[in-house]
Each structure stands twice: as C-alpha cells, then as structure tokens.
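Open the model in your viewer and set the side chains to sticks. This tour goes from one group of aromatic rings to the next.

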Amino acid sequence: MARARTQATRCPLPWLLNHRFISTDDTNNRNLTLLQELHCTGRKNLASENEFRKDLYPDIEPYSTGMLKVSDLHLMYWEQCGNPNGHPVVVVHGGPGAGSQPSYRRFFDPEFYQIIQFDQRGSGKSTPHASLVENTTWDLVQDIEKLREHLKIPEWQVFGGSWGSTLSLAYSISHPDKVTGIVLRGIFLVRKKEIDWFFEGGAAAIYPDAWEPFRDFIPESERESFVTAYHKRLHSNDLETQYAAARTWTTWEMRTAHLIPNEETIKNGEDDTFSLAFARIENHYFVNKGFFPSDSYLLDNIEKIRHINAIIVQGRYDCCSPIMSAWDLHKAWPEAELKIIADAGHNCFEPGIAAELVAANEKLKSVRKNI
C-alpha cells in the first residue's frame, strides 16, 4: 500500500491513479495498465491537469438530423455534430422535459467527438409535445439504446446534467458495456429528500422571494404537497389552467438555477410551449418517484458502473440539486472524480461549471487517445 501511494505522487496526472478503475473485463484491465505505463514512467503523452482546455468550443451546426420512431406513439428528434468519425458522446438533457440545446455542443472538441443530442419523449422537437403517455425513465433508457443502434455506434461516452445525470446513471447501469466514460453535472437522484427540498419548502429558506409566488398559486388547503397540487392543475381539463400552473412551476425553477439570477433563463417561464412540456413532464416524473423501484436505486447499483471512468461536476451553491446528492454519489462511487465549484449554482453555463465540464471531456479525450 505504501508503494502505491509513492507511485501515485510521482504521476503527472493524479486524477488517473488516485481514483481506482476497477475492471470487469480484460479490455479494461489492459486500459488501466496502459494508463499506468503512460503516466508513471515519465512519458509526456498527456497534459498535466492544469493544462486541460477549459474554454468553450465555438458554435457548430449539425451535419445530420432525424426523427426516430421509438414507439407507436413517440417520434424522437436527434442530431449529430462534430466529427462523423470521432469518438461518440451522447448528451442527455435535463428537466425532464427541458429538451436539448445547441449550446451544449460547445462542451466538446468537434474534431475529436461525434456529438449526439436528442430530445426525450414529449420534449423539444420530439412528438407528441408534452405527452406523458408511455413516458417513464425506462422508456427513455430504451430510447437511448435504440438511438445508439440506429446510428450504428458500438459504444459511447455519456454526458448529462441535473435530470440528465439521473438518466445517464440509469442508462449506464442498464448498459454498462456500451459506455466508455461518464461526465455528470448537478447530481439529482430523484430521492424523496431531494424533491422535498426543492418543491416542498426547503429551498424557500434561500429564495423566499421566488418561493412565495410558487406557494401562493396553490390554496392553503392544498399545500400539504405542492407536487400533488401542481399535478392536479397540470392535468386540468382547462388548458389555461395547465399553462398558468406550468408558467409558475417553471419560473420557480428558472429563478433558482443560477447562483446570480439570470434574466434570460427566467424568461423560459413565460414561454408556454417550453413551460408546459417542462412542468408537466417534470411533475409527472416526480409524482412517480422517477419510476425507480426504491429511493436509493441508483446508489444501490453503482457496482455495475464502478469500472467506468467518471467525472462529477457540482456547484457548491446548487439549490435545485443540492450538493448532498453529489456527495452521496461520490461516497458510493469514490473512483469517480468529484469537482466542487466554489462559486456556482446549478446551471451548466455558470463559468466555473462550464470550464470544468470542458476539462472533463478533455480528460476523457486524452484517455481515449492513449489507449
């Protein structure tokens, strides 16, 4: 054990050796051996951690798009950017219900990565819009796998934040042999204490001014469960009632998504098309506890992905997905690197978070180049 510690201190990339990579097959064992040889014998094939790029890449446009029929009802929008022959990475958006964003492409080197985005059921350009029918976590996990098969991709890196971290974990646990690396941000595990924190009054201690309009939309007689009360209104037969509830729900989340409130983000709450899908789908998943068989399902199944190289980026002052969840995940999965951003909240484009997300993809790129 003492020898291992001495060896690690001589390595130019402590990230690669201070976090264990437990292999489940011979390929991963060979990969680990190669990494140890590359970084503990004085070779300079990889930059030091401080030299990894942290600037966002320039905007790019897709080179192909499509609609994939994933069920008799649902069509899923997808797109590809970057290098058609590069290492594939699938970007898993948040919400649920938020949809993908062109700006997410900027986290990746377009010369190295084949960047794949998609809109989850009912979100973004996928149809039918805001539909809750056949819309569960396990439907989405199957959709991701159908997309991989449709695009004829043998394996890919997985990148997701907020609800995207939830779905990324669920997919990776279900298909660990298809995942080459994982980058997660703003960890959300859909546990009761996380939902209660944000939607039942916990975060109100920090954002009372944003909380009161969310609270006051619901009559006092129904405030025992705001998630349940909003569920009733988001399923009203009156469309304007749905829109009003959706605007209020979405605005609450948008007002708390940044360490320093961002007016452009808050305006999403005024967009009826966006907010209806965002609020209805998000509420649907939370009422159903993420469709997981237990509150700790994701933590209980980390063993299935423990061997996969992973990096977690978390804002210290994230009020939507508080750091307790990232900390719990890291304790269950100490092999995954945890980067805590001291001056950030939840949004992926806050400067410190964006920088570390780019750096995380650069690290995994360096690993792939040296295998």
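Rings of Phe, Tyr and Trp (for Trp, the six-membered ring) pair if their centres lie within 6.5 Å; planes under 30 degrees apart count as stacked, over 60 as edge-to-face, and the rest as tilted. The model is predicted, so local features need pLDDT of at least 70 and side-chain atom pairs count only at pLDDT 80 or more, while totals for chains, interfaces and linings use all residues. Residues are numbered from 1 along each chain as its sequence is written, and side-chain values use heavy atoms, with hydrogens and water left out.

How many aromatic pairs does a search of the whole structure find? There are 28.

Select Phe 108 and Phe 159. Their rings are edge-to-face, 4.9 Å centre to centre with 70° between the planes. Phe 108 lies in the loop between strand 3 (87-92) and strand 4 (113-118), and Phe 159 lies in strand 5 (residues 156-161), 51 residues apart. Helices (H or I, at least four residues) and strands (E, at least two) are DSSP runs, numbered from the N terminus.

Are these two rings buried or exposed? Buried means under 20% relative accessible area, exposed over 50%, and partly exposed in between (1.4 Å probe, protein chains only). Phe 108 counts as buried because its relative accessibility is 0%; Phe 159, at 6%, is buried too.

Next, select Trp 211 and Trp 252. Their ring centres are 5.3 Å apart and their planes at 75°, so this pair is edge-to-face. Trp 211 is in helix 7 (residues 208-216) and Trp 252 in helix 9 (residues 239-255). Both are buried.

Now add Phe 188, Tyr 230 and Phe 286, which are among the members of one aromatic cluster that includes Trp 211 and Trp 252.
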